Amino acid sequence: MVFGVVARTSAWRRTMMQHRFNQQSKDKMHATNHHQRAMLFRKRLHALFQEKGIRRNLVVACVVVAIVSGALLSDIDVVFVGRTRERDLNAVCKKTQSTHDDDWDAREAFEASEKIERNIRARVSAAREDASIPISGKKKEEFTIVLNTFKRRDLLQRSLRHYVGCKDSGKASIKEIRVVWSEQVPVPSIIEGDDETAYALDRSEFVKYDKHVGSTSIQNRFQKIDALKTEAVFHVDDDVRIPCGKLEKGFRKWQSNKEGLVGYFGRMHKLESRNEGTDGTCKMRYVWNDFELFFTSKKRYSIALTKAAFSHAKYLELYSSEYLPDRVREYIDARKNCEDIAMQMLVSSVVSEKNKREMKRKKGYKAAVAISSGWMHYVAGKIDSLFVDGISSGQGHHDERSGCVTDFSRMFGGGSPLDTVQ
């Protein structure tokens, strides 16, 4: 009996050992198969990424996801700001008055702009008469390109080539190009050995260089231009090339809204809070990120960037005169930033005053800012700008511009001079 129990126990042990061995073999086989499958997946994935189109599309998708995610995380508090609060702050800000720049008056600036406009219109009309050009409503109106550049010769050449091409093709109504030359070296010339075609030196009647001696200020772009032949001016940076058709479309939009700035890159401001202190001015924020501009604010722009924007020539003369507060000019030169915001505030102040008077006579409302661009052009411009060095990058730059909006509002008489449009 004892031998029987021992025999049965031994058999049970052999069975259990065989079962364990079989199970371990299965586990090893499963692990091997899993490893092989993983290796095969990685090989197929690697082969897939050798296709340039797929790799490029994935990179673009990742970039888009990163941008949207970053905007959601960084601006989550902005998205849920109540519009009632903003309207209340706007009402408060419009009632405040500055104690620092009481000598600046929007009414005087408006009256000066009207006088300047009449003088420019008379000069342009006289020039057309001298050239034996009939003055009629059917005559095609033209505009002047004011091209801003500084120590970026390759971009200047590309811009000149592009806009000269727009003129020659007849796709844009360009009268002439005026290059803002703030470099303290001679302008391009054949004598200096510069390429005649690259700098449009062979088109001297069409392309002119305006040299600013002794000044490299970023505000030179808004200085008065003598002997200007048009009422319309297109301000543009050397790294921005608006397609010829889009350029003409923007000009037509400006013709229906000659008082304001008509641009291709819109921004806006938002009222954040009322400042502590005796002046009661408001703290404002410069809104530049694409997510907030396009998805949370219904495109209520209040700033048209002058890196690509149309304006009336009168604003150049107004900006160059005493009607731009002196403190604004000094502020910009000290920071080398925000000259476009100052121009927009000057335009908005004049348009606001004009609207007050026009409303009394029951005339139409004038917009201080309008945007003429679509999604495809905006995205193309953003991609193109990634490869160009400039000052307009980094969070510090945008934070500084928020300070500019707040400080300029005080310097332009208090309240919120910037207007918002859809």
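## A buried aspartate, an open sheet and its core

Asp340 counts as buried, because its relative accessibility is 8% and the cut-off for buried is under 20%. The model is predicted, and the values below are computed from it. Asp340 belongs to helix 11. Beyond the residues up to four places away in sequence, Asp340 touches Phe222, Leu305, Thr306 and Arg401.

The chain has 422 residues, of which 42% are buried. Its secondary structure consists of 13 helices and ten strands. Among contacts with a separation of 6 or more, 81% join residues 24 or more positions apart.

**The sheet**

Seven strands make up an open sheet of mixed pairing, in the order 3-2-1-4-9-5-10. Strand 3 (207–211) and strand 10 (369–371) each have a single partner strand, so one side of each has no neighbour in the sheet. From one strand to the next the twist averages 25°. Strand 1 (residues 143–149) runs parallel to strand 2 (residues 174–181), and the two are paired over seven bridges. Ile145 has Ile177 of strand 2 as its bridge partner.

Two helices that lie against the sheet are set out here.

| Helix | Residues | Strands contacted | Direction |
|---|---|---|---|
| Helix 6 | 153–169 | strand 1, strand 2, strand 3, strand 4 | about 170° to strand 2 |
| Helix 7 | 244–255 | strand 1, strand 2, strand 4, strand 5, strand 9, strand 10 | about 35° with strand 9 |

**Helix 6**

Helix 6 has 17 residues, which at 1.5 Å a residue should span 24 Å; the end C-alpha atoms are 24 Å apart, in agreement. Its buried residues are Leu155, Leu156, Ser159, Leu160, Tyr163, Val164 and Cys166. Viewed down the helix axis, these buried residues fall within an arc of 155°, so they line one face of helix 6. In an α-helix there are 3.6 residues a turn, so residues three or four places apart point the same way. The buried residues of helix 6 are covered by elements including strand 1, strand 2, strand 3, strand 4 and helix 7. On the face turned away from the buried side are the exposed residues Asp154, Arg161 and Asp168. Gly170, just after helix 6, has a positive phi of about 75°.

**The nonpolar core**

In soluble globular proteins, nonpolar side chains tend to be buried together. The largest nonpolar core here contains 89 residues, and those with the most contacts inside it are Phe143, Ile145, Ile177, Phe234, Leu247 and Phe408. Helix 11 contributes the most to this core, with eight residues.

Phe234 is located in strand 4. With 0% relative accessibility, Phe234 counts as buried. Neighbours within four places in sequence aside, Phe234 contacts Phe143, Thr144, Ile145, Val146, Tyr163, Ile242, Leu247, Tyr264, Ala308, Ala309 and Phe310. Phe234 and Ile174 are 60 residues apart in sequence, while their C-alpha atoms are 9.4 Å apart in space.

Leu247, with residues up to four places away in sequence not counted, touches Phe143, Ile145, Tyr163, Ala172, Ile174, Phe234, Ile242, Tyr264 and Phe310. Tyr163, one of the buried residues of helix 6, is thus among the contacts of Leu247 and also among those of Phe234.

How values were computed. Residues numbered from 1 in each chain as written. Predicted model: local features only at pLDDT ≥ 70, side-chain atom pairs only at ≥ 80, totals over all residues. Heavy atoms only, no water. Pairing = 2+ DSSP bridges. Helix = DSSP H or I, 4+ residues; strand = E, 2+ residues; numbered from the N terminus. Axes fitted to C-alpha atoms, helices over the stretch in contact; angles between N-to-C directions. Contact = heavy atoms within 4.5 Å. Expected span 1.5 Å × (residues − 1). Buried < 20%, exposed > 50% of the residue type's maximum accessible area, 1.4 Å probe, protein only. Arc of directions from axis to C-beta. Core = buried A, V, L, I, M, F, W, Y, C linked by side-chain atoms within 4.5 Å.
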